[in-house]
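Grab a coffee and work through these exercises with the viewer open. Each one gives you a task, then walks through a solution.

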Amino acid sequence: MEQLGHWGKEPVVLLPGMMCDARVFAPQVQLLSGQVPVMVAPLLGGDRVEQIASHILSMLPERFALAGLSMGGIVALEILRRAPSRITRLCLMATTPLSETPDQASMREPLIISARTGGLEKALQQSLPPEVLAPGPRRLEILNLARDMGLQLGPELFVDQSRALQRRPDQQANLRRCRVPTMILCGEYDRLTPVKRHEFMAQLIPHAGLEVIAGAGHLPVLEQPEAVNRALLHWLAAPVAETSRV
């Protein structure tokens, strides 16, 4: 496997998707942990994105590379807004910079009620339906893993994360100010955050790279781990000037 050179030695912080733990990044941790310090930070700390970002920042090293998946990407954008000088490079995967519309936010209410009244498994299944992943033999395996992660994290966190997503701020202006090496990554079959949304993000950020992962949907880190790992190594190898600021 390719090794990181002089440039890619800063700690890497990975932020998982909604109701996911470190298992969602297992292939990436396995690859990177032999070369750089790797931390998977859970999305805890409150029911607002701002609270979660503040909680995570209190645990992070002074300077770090930041990669966020889905809701983790949304939190990563808030971390970028709050502490731009601490981020050496940014990777946004299967995510969005946009706030939720009133209709999108209202669609979360039945799921919140379900999670609170003993129906967490049903809420998890409706939050990540099969069609948002790429078709293929691994789809069921990945859906089962996502269910297991969510059930272990529990209904209270589901409610907190749902509320945080409902109230999340728009981050388009934040992206325009970004000046660190940035990779936008998505799966070609992602229906939750489609390719066009990622093309839009890449246009907002000066000199951002765009990677569309073939044969992947909303969880490319698990669906096509080798392709994602290659893209991450390329991202981590990009030179970062000592004076880089966002």
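Before you start: buried means under 20% relative accessible area, exposed means over 50%, and partly exposed is what lies in between. Also keep in mind that this is a predicted model.

**Exercise 1. Find Ala 22 and decide how it should be classed: buried, partly exposed or exposed.**

Step 1: go to the loop between β1 (12-15) and α1 (26-32), where Ala 22 sits.
Step 2: check its relative accessible area, which is 40%.
Step 3: apply the cut-offs, with buried under 20% and exposed over 50%. Ala 22 is therefore partly exposed, because its 40% lies in between.
Step 4: look for a partner from elsewhere in the sequence. Pro 42 is 20 residues away along the chain, yet the two C-alpha atoms are 7.9 Å apart in space.

**Exercise 2. Look at the backbone of Met 19 and Ala 94, and work out what sign phi has in each.**

Step 1: place them. Met 19 is in the loop between β1 and α1, while Ala 94 belongs to the loop between β4 and α4.
Step 2: read phi. For Met 19 it is positive, about 55 degrees, although the residue is not a glycine. Ala 94 also isn't a glycine, and its phi is positive too, at about 50 degrees.
Step 3: check the surroundings. Met 19 counts as buried at 2% relative accessibility, and Ala 94 is buried at 0%.

**Exercise 3. Trace what Thr 96 touches and what its side chain reaches.**

Step 1: locate Thr 96 in the loop between β4 (87-93) and α4 (102-107).
Step 2: judge its exposure. With a relative accessible area of 7%, Thr 96 is under the 20% cut-off, so it is buried.
Step 3: list the neighbours, skipping residues up to four places away in sequence. You get Ile 74, Leu 77, Arg 168, Arg 197 and Met 201.
Step 4: pick out Met 201. It lies 105 residues from Thr 96 in sequence, but the C-alpha to C-alpha distance is 7.7 Å.
Step 5: follow the side chain of Thr 96. It reaches the backbone nitrogen of Leu 98 at 3.1 Å, and it makes a polar contact with the side chain of Arg 197, also listed at 3.1 Å.

**Exercise 4. Stay in that loop and find the polar partners of the Glu 100 side chain.**

Step 1: Glu 100 is in the loop between β4 and α4, and at 13% relative accessibility it counts as buried.
Step 2: its side chain makes a polar contact with the side chain of Arg 108 at 2.6 Å.
Step 3: another polar contact, of 3.2 Å, joins the side chains of Glu 100 and Arg 168.
Step 4: leaving out residues up to four places away, the residues Glu 100 touches are Ala 105, Arg 108, Leu 165, Gln 166 and Arg 168.

**Exercise 5. Work out how helices α2 and α3 are oriented to each other, then see where Glu 78 fits in.**

Step 1: take α2 (residues 49-57) and α3 (residues 71-82). They pack at about 70 degrees, with their axes 9 Å apart.
Step 2: 65 to 115 degrees counts as roughly perpendicular, so α2 and α3 are roughly perpendicular to each other.
Step 3: sort the residues of this contact. They divide into nine nonpolar, one polar and three charged.
Step 4: zoom in on Glu 78, one of the α3 residues that meet α2. Glu 78 is buried, with a relative accessible area of 0%.
Step 5: its side chain makes a polar contact with that of Arg 81 at 2.7 Å. Beyond neighbours within four places, Glu 78 is in contact with Val 49, Glu 50, Ala 53, Pro 169 and Gln 171.

**Exercise 6. Do the same for α5 and α6, then find which side of α6 is buried.**

Step 1: the axes of α5 (residues 109-116) and α6 (residues 120-127) come within 7 Å and cross at roughly 150 degrees.
Step 2: over 145 degrees counts as roughly antiparallel, so α5 and α6 are roughly antiparallel.
Step 3: the α5 side of the contact is made by Leu 111, Ser 114 and Ala 115, and the α6 side includes Leu 120 and Ala 123.
Step 4: the buried residues of α6 are Leu 120, Ala 123 and Leu 124. They cover an arc of only 100 degrees around the axis, so they are on the same side of α6.
Step 5: what covers them includes α5, α7 (139-153) and α8 (155-166).

Methods:
Residues are numbered from 1 along each chain as its sequence is written. This is a predicted model: local features need pLDDT of at least 70, side-chain atom pairs count only at pLDDT 80 or more; totals for chains, interfaces and linings use all residues. Side-chain values use heavy atoms; hydrogens and water are left out. Helices (H or I, at least four residues) and strands (E, at least two) are DSSP runs, numbered from the N terminus. Buried means under 20% relative accessible area, exposed over 50%, partly exposed in between (1.4 Å probe, protein chains only). Contact means heavy atoms within 4.5 Å. A polar contact is a pair of N or O atoms within 3.5 Å; within protein, one must be able to donate a hydrogen and the other to accept it, and residues adjacent in sequence count only if both atoms are side-chain atoms. Axes are lines fitted to C-alpha atoms, for helices over the stretch in contact, and angles run from 0 to 180 degrees between N-to-C directions. Angles under 35 degrees count as roughly parallel, over 145 as roughly antiparallel, 65 to 115 as roughly perpendicular and the rest as oblique. Ala, Val, Leu, Ile, Met, Phe, Trp, Tyr, Cys and Pro count as nonpolar, Asp, Glu, Lys and Arg as charged, and the others, Gly among them, as polar. The arc is that of the directions from the helix axis to the C-beta atoms.
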